[in-house]
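Here are my notes after going through the coordinates you sent. Have the viewer open while you read.

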Amino acid sequence: KMACDWSGACYSIYWTRASDDLVVTADYVTPELRVAQLIQGKRGSFAGASERFRLPVSGSGPVASVYKSGEPVFISEPATRIDLSRRDIAKEYGITSMGFIPCGGGVLEIGTSQGPWSSLPIRSMPVQELQEAFAKLGAKYAMLWEAQDGHFSVVADFVAASEAAARRSLRGDDKTFCSESRRVRLPAEGHGPVARANATGKVSFTSKPGQDQRLVRRSMAKEFNIHNMHCFPVSEGLVLECGVPANSTLTGNALAAALQMQCDISGAGYAIYWTDAGGELVVAGTYVTPARQAALLGQGKEGSFASAGKAFRLPTAGSGPVATVYATGEPMFIEDVCACDQLRRQEIANHYGIASMNLSPFAGGVLELGTSKGPETADWNKAPAMPSMPTPMLQQCFDEEGAAYAILWLEEEDHFVPAADFVLPERRRALRNRRGDDETFASRSKSFRLQVDPLRQRWGRPFAIDDARSDASINRQELAKEFDIAKIIFAPFSGGYLECGIVPM
């Protein structure tokens, strides 16, 4: 969507590799083009018609060429190009110009059916920044600001469907923070977060923008209840802004799943989720691994470091690790927790034998993970490598779909392997009572591998298997029958897939 906004294209297509071919994994058609084609009596779209094509990686067409060379390609009059296998449908839908750009390990195609372009209008997209913002930070909107004639203006924007629907329900109109920001021009030499990111070449983070006197749009940010925003410098004169509304924190089963899986992946012994409550950071959720609980019991210690943290309320304006990460939007690793004088919980950290701590921005708050001085956790000498877990989809699957479990699959060579999982406590209990053991669909899935190529054909958007018990496309069909798993939802993220499953009522 943003590629079309920025370039003036009528459609966009994202191609990724599936075995020896390049296939369509996502596409977008502007509302204006859809209306125009409806008036012309045309069904579908050029982007939709392209989905049936599989383009050999070894081919000489523009998609394959850009995939192999990593260099953008521009073509005019595509209907006359012999090297374009889709030239007939390009003619049918009146495509006058096309551009092909290397993007996130695949190829981004843009095109127009209006006046032909004289050259490629854009040559890149900030996909890594978008991935981090939406999957890791919990962003619900994005805007691309471009500097022209001494001012920044919005040239592209995107609002998550859930956020747009929520605003429409609350306000009774279609206005969003993005739509209203399009009416604003920001001084290129100003002191706000957009200008600052551009000037310094570093990410600019703003907490509570509705209270920031430097922000030209502070009243607007307050009106739309924007909790925080990150501004990423893309290139000279180009800044990507992504923001989190105040209601974007994780809750319920999604929070429990996220904390447990973060510990599983990192080797941490505990996890704490801190959120802002009226100017103070409070504990919104905790998790302690069974191994760590057993170690504490063996030491004769009551409670845990995570549970003891619930007694603390940390000022958002403070200088401690949690407040600093919250205020700056930058992660922090503390190798020796007991030597960190800025930590108000230093004494209880020493009591519970906490060794190292890693803090990072997470779903509108701060995620704290920690290890202990014992064999029950990992031994960190640097920040653990963590995937950008798609927390909004996790929340949606548990809250709206009624998911009973979640599995995080990470890419490893030519397949995906299960790296972490979570099962609802009530589901575990029901299975134990019925089966007489502790096995679950998630635990048994650990012996399986998901092949990369079939999943990559659908890369870029969530998809569902409506009934895993009868769908032969899933290699765990018999397992789904055994555990009565019906619908399974797959949501891609950088380096893997989130799987959530539903048990029929």
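1. How many bridges join strand β5 to strand β6, and in which sense do the two run? There are 7 bridges, and the strands, residues 97-103 and 106-112, run antiparallel. If you want one pair to click on, take Cys-103, whose bridge partner in β6 is Gly-106. Bear in mind throughout that this is a predicted model.

2. Those two strands belong to an open sheet of 6 strands, ordered β3-β2-β1-β6-β5-β4 and paired antiparallel. β3 (55-56) and β4 (73-76) stand at the edges; each has a single partner strand, so one side of each is left without a neighbour in the sheet. As background, strands of a sheet pair through backbone hydrogen bonds.

3. A second open sheet also has 6 strands, in the order β21-β20-β19-β24-β23-β22, again with antiparallel pairing. Here the edges are β21 (450-451) and β22 (463-465), each with a single partner strand, so one side of each has no neighbour in the sheet. β22 pairs with β23 (residues 488-493) over 3 bridges, in the antiparallel sense. Within that pairing, Ala-464 has Ile-489 of β23 as its bridge partner. Helix α16 (residues 391-399) packs on the sheet and touches β19 (405-412), β20 (415-423), β23 and β24 (496-501). The direction of α16 makes about 10° with that of β24.

4. Next, the nonpolar core. In soluble globular proteins, nonpolar side chains tend to be buried together. The largest nonpolar core in this model has 34 residues, and those with the most contacts inside it are Leu-250, Met-261, Leu-394, Phe-398 and Leu-498. Elements giving two or more residues to this core include α16, β19, β20, β23 and β24, along with α11 (252-266), β13 (270-276) and β18 (365-372). Which element gives the most? That is α11, with 7 residues. Leu-394 is a good place to centre the view: beyond its neighbours within four places in sequence, Leu-394 is in contact with Ala-254, Ala-257, Ala-258, Met-261, Met-389, Ala-406, Leu-498 and Cys-500.

5. On cysteines, the disulfide count comes to 0. Why is there no bond between Cys-500 and Cys-397? The sulfur of Cys-500 is 3.8 Å from the closest cysteine sulfur, in Cys-397, which is too far for a bond; the cut-off is 2.5 Å. Cys-397 counts as buried because its relative accessibility is 1%, and Cys-500 counts as buried at 0%.

6. Strand β17 (residues 354-362) is mostly covered, with 9 of its 9 residues buried. Strand β16 (residues 332-334) is joined to β17 by 3 bridges, running antiparallel, and Phe-333 stands opposite Asn-358 there. β17 also pairs with β18 in the antiparallel sense, over 7 bridges, where Ser-360 stands opposite Leu-367. The hairpin of β17 and β18 has 2 residues between the strands, and Ala-363 in that hairpin takes a positive phi near 45°.

7. A few more backbone angles are worth a look. Most residues other than glycine have a negative phi. Asp-149 has a positive phi near 55°; Asp-149 lies in the loop between β7 (141-148) and β8 (151-159) and is exposed, with a relative accessible area of 76%. Asn-225 also has a positive phi near 55°, in the loop between α10 (218-223) and β11 (226-235). With a relative accessible area of 40%, Asn-225 is partly exposed. Gly-329, with a positive phi near 75°, follows α14. The buried residues of helix α14 (residues 321-328) are Pro-321, Val-322, Ala-323, Val-325 and Tyr-326.

8. Last, a charged side chain to check. Is Arg-167, in helix α7 (residues 161-171), buried or exposed? At 8% relative accessibility, Arg-167 counts as buried, since the cut-off for buried is under 20%. The side chain of Arg-167 makes a polar contact of 2.8 Å with the side chain of Glu-163. Farther along the sequence, the residues in contact with Arg-167 include Gly-172, Asp-173, Lys-175, Phe-224, Pro-245 and the Asn-225 of point 7.

Terms used:
Residues are numbered from 1 along each chain as its sequence is written. This is a predicted model: local features need pLDDT of at least 70, side-chain atom pairs count only at pLDDT 80 or more; totals for chains, interfaces and linings use all residues. Side-chain values use heavy atoms; hydrogens and water are left out. Buried means under 20% relative accessible area, exposed over 50%, partly exposed in between (1.4 Å probe, protein chains only). A polar contact is a pair of N or O atoms within 3.5 Å; within protein, one must be able to donate a hydrogen and the other to accept it, and residues adjacent in sequence count only if both atoms are side-chain atoms. Contact means heavy atoms within 4.5 Å. Two strands pair if DSSP finds at least two bridges between them. Helices (H or I, at least four residues) and strands (E, at least two) are DSSP runs, numbered from the N terminus. Axes are lines fitted to C-alpha atoms, for helices over the stretch in contact, and angles run from 0 to 180 degrees between N-to-C directions. A nonpolar core is a set of buried Ala, Val, Leu, Ile, Met, Phe, Trp, Tyr and Cys residues joined through side-chain atoms within 4.5 Å.
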